[in-house]
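Q: Could you take a close look at one strand in this model and at what surrounds it? I would like a connected account, with the terms spelled out as you go.

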Amino acid sequence: MTTSSSEQGVSLGMPQLPAPAYPDDVRTRLEADAKEIISRYPGSRSALLPLLHLVQSEEGHVTRTGMQFCADMLDLTTAEVTAVATFYTMYRRKPSGDYQVGVCTNTLCAVMGGDAIFESLQEHLGVGNNGTTDDGKITLEHIECNAACDFAPVVMVNWEFFDNQTPETAKRLVDDLRADAQVSPTRGAPLCTFKETARILAGFPDEREGSVDASGSAGPASLIGLRLAKGEVAPARVVHPRDAEAEGESPAGQTSQEGE
């Protein structure tokens, strides 16, 4: 007696059916946006990255339909579009939450508590890396570097900074997001949903009042090297051994010049 390949759990490698098209009204709207984006570039192929953000803003992730749309607009193959969409981690390949919560687990953040934050959030939310909560609010991921080491450990929500976090503050943060409470980043623009963020990254203006004026910057520790390179003299600082500092003592030889 023989068994069929399906009974044995063997895939025949059948090709996928073509991606379904966007509804006519959605495609018309997206085509108008796509043409505006493409017009900004001397070569249409250069518009692929913002176009992927555009289709991501429609459904919250880059679908096969979105990739086919990008291919059609730029006269590319779906293989060429897929190669780009799968290379960059900012493009989601499956449904994800309204808020992408990224915990930096690179060296400095990890040492300062990033690993503990990530572990506590996994337990608190009941999801693993790249997992999404049942209510569709939060997708949790670890990030290799947020380029904000002087604010370590850092958590980002939809690419906005939440600095100097602890497991307790991070859990309060995600609880507030799930409860639709108002949450303000430590620095940078006001928080918006992931779909709204994707549209801004596609190159369309953020029309929320005050959002353009909001800005974030590197911290003082990050700027010391730049100031020294410009010839500025770094201020002297007092270095206390921790035990002596705790006891209020002033040990000898406490001054050192930064940059020496």
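A: Let's start with a definition: a residue is called buried under 20% relative accessible area, exposed over 50%, and partly exposed in between, using a 1.4 Å probe and protein chains only. By that yardstick, buried residues make up 37% of the 260 residues in the protein chain. Please keep in mind that this is a predicted model, where local features need pLDDT of at least 70, side-chain atom pairs count only at pLDDT 80 or more, and totals for chains, interfaces and linings use all residues. Residues are numbered from 1 along each chain as its sequence is written, and side-chain values use heavy atoms, with hydrogens and water left out.

The protein chain has 9 helices and 7 strands; these are DSSP runs numbered from the N terminus, with at least four residues for a helix (H or I) and at least two for a strand (E). The part to look at closely is strand E1, residues 99–104: 6 of its 6 residues are buried, so the strand is largely enclosed by the rest of the structure.

Now for the two sides of E1. In a regular strand the side chains alternate between the two faces of the sheet. Here Tyr99, Val101 and Val103 point one way, Gln100, Gly102 and Cys104 point the other way, and all are buried.

E1 has neighbours to follow as well. Two strands pair if DSSP finds at least two bridges between them. E1 and E3 run parallel and are joined by 6 bridges, with Tyr99 opposite Ile138 in E3. E1 and strand E4 (residues 155–157) run antiparallel, joined by 3 bridges, and Val101 stands opposite Val157 in E4.

Tyr99 also leads us to Lys137, which lies in the loop between strand E2 (131–132) and strand E3 (138–143). A contact means heavy atoms within 4.5 Å. Leaving out residues up to four places away in sequence, Lys137 touches Gly97, Asp98, Tyr99, Leu177, Arg178 and Asp180. Lys137 is itself buried, with a relative accessible area of 16%. For the chain as a whole, 63% of the contacts between residues at least 6 apart in sequence join residues at least 24 apart.

It is worth stepping outward to the charged pairs. A salt bridge here is a side-chain nitrogen of Lys or Arg within 4 Å of a carboxyl oxygen of Asp or Glu, and the whole structure holds 10 of them. One of these joins Arg187 and Asp163, at 2.7 Å from N to O. Arg187 sits in the loop between helix H6 (167–178) and helix H7 (194–201), and Asp163 in the loop between strand E5 (160–162) and H6, so the pair ties together parts that are 24 residues apart in sequence. Both Arg187 and Asp163 are buried.

Another salt bridge links Asp72 with Arg27, their closest N and O atoms being 3.7 Å apart. This pair connects helix H3 (residues 64–74), home of Asp72, with helix H1 (residues 24–38), home of Arg27, 45 residues apart. Asp72 is partly exposed at 43% relative accessible area, and Arg27 is partly exposed at 24%. Together with Glu31, Arg27 and Asp72 are linked in a network of salt bridges.
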